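The following exercises concern aromatic pairing and nonpolar packing. Each task is followed by a worked solution.

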Amino acid sequence: MARIITYLIFAGFTGMMLYVGITQFVQQRRSMANATPIDATIVRSEVITSTSSDTDSRLLRSNSTTSHRPEVRFRYVLAGQTYESDRMYPTIIVQGYASAENAAAELAAYPVNARVRAWVDPSHPDQAFLVAEHSKMPLGFILIGLLLPPLAWITGKYV
């Protein structure tokens with residue numbers, strides 16, 4: 001029974017990782033293929049820091065982790081309609097950083113009130129992005145999704 005539960009858990013994570021990775025890979029390629037440059041104004045630019053809970057109750061021990069992610073929001077007008085977006089890259093997958101400095105470096109070109117070039121697929125006007133480069137994050141999700149079934153098999157042998 002424990003083996004079946006293990007396989008089901010891994011299958012769920014495999015499906016989720018593959019679904020997100022593949023859909024974002026396709027969406028990113030579509031957005032880049034149809035990208036049109038537009039002028040935008042940065043309305044928010046900051047590093048968001050989050051720390052996970054410490055689950056190690058031993059004194060002077062901690063297994064919490066801190067991550068930093070750049071958060072930017074910009075406003076633009078397309079066909080007379082005003083939109084806002086928070087995408088750095090043409091994918092919804094956001095990259096986190098181990099240091100606030102690295103996350104801040106990602107935002108250096110996007111201070112609040114700066115006029116910048118953004119990109120938008122006119123068929124999805126609410127999904128503009130700032131960096132016209134393919135993110136590797138969708139491929140990372142796909143790779144993890146492909147590695148989970150062999151890991152489930154190995155884990156299942158020892159449960």
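**Exercise 1.** Determine whether Phe74 and Tyr76 are buried or exposed.

*Solution.* Buried means under 20% relative accessible area, exposed over 50%, and partly exposed in between (1.4 Å probe, protein chains only). Tyr76 has 2% relative accessibility and therefore counts as buried. Phe74 is buried as well. The model is predicted: local features need pLDDT of at least 70 and side-chain atom pairs 80 or more, while totals for chains, interfaces and linings use all residues. Residues are numbered from 1 along each chain as its sequence is written, and side-chain values use heavy atoms, leaving out hydrogens and water.

**Exercise 2.** Classify the aromatic pairs found in the whole structure.

*Solution.* Rings of Phe, Tyr and Trp (its six-membered ring) pair if their centres lie within 6.5 Å; planes under 30 degrees apart count as stacked, over 60 as edge-to-face and the rest as tilted. The search gives 2 pairs. Phe74 and Tyr76, 5.7 Å centre to centre with 35 degrees between the planes, are tilted. Tyr76 and Tyr83, at 5.7 Å and 20 degrees, are stacked. Phe74, Tyr76 and Tyr83 thus belong to one aromatic cluster.

**Exercise 3.** Identify which residues have the most contacts inside the largest nonpolar core, and which strand gives the most to this core.

*Solution.* Such a core is a set of buried Ala, Val, Leu, Ile, Met, Phe, Trp, Tyr and Cys residues joined through side-chain atoms within 4.5 Å. The largest has 17 residues, and Ile42, Phe74, Tyr110 and Leu130 have the most contacts inside it. Strands (E, at least two residues) are DSSP runs numbered from the N terminus. Strand 1 (36-51), strand 2 (66-78) and strand 4 (115-120) each supply at least two core residues; strand 2 gives the most, with 4.
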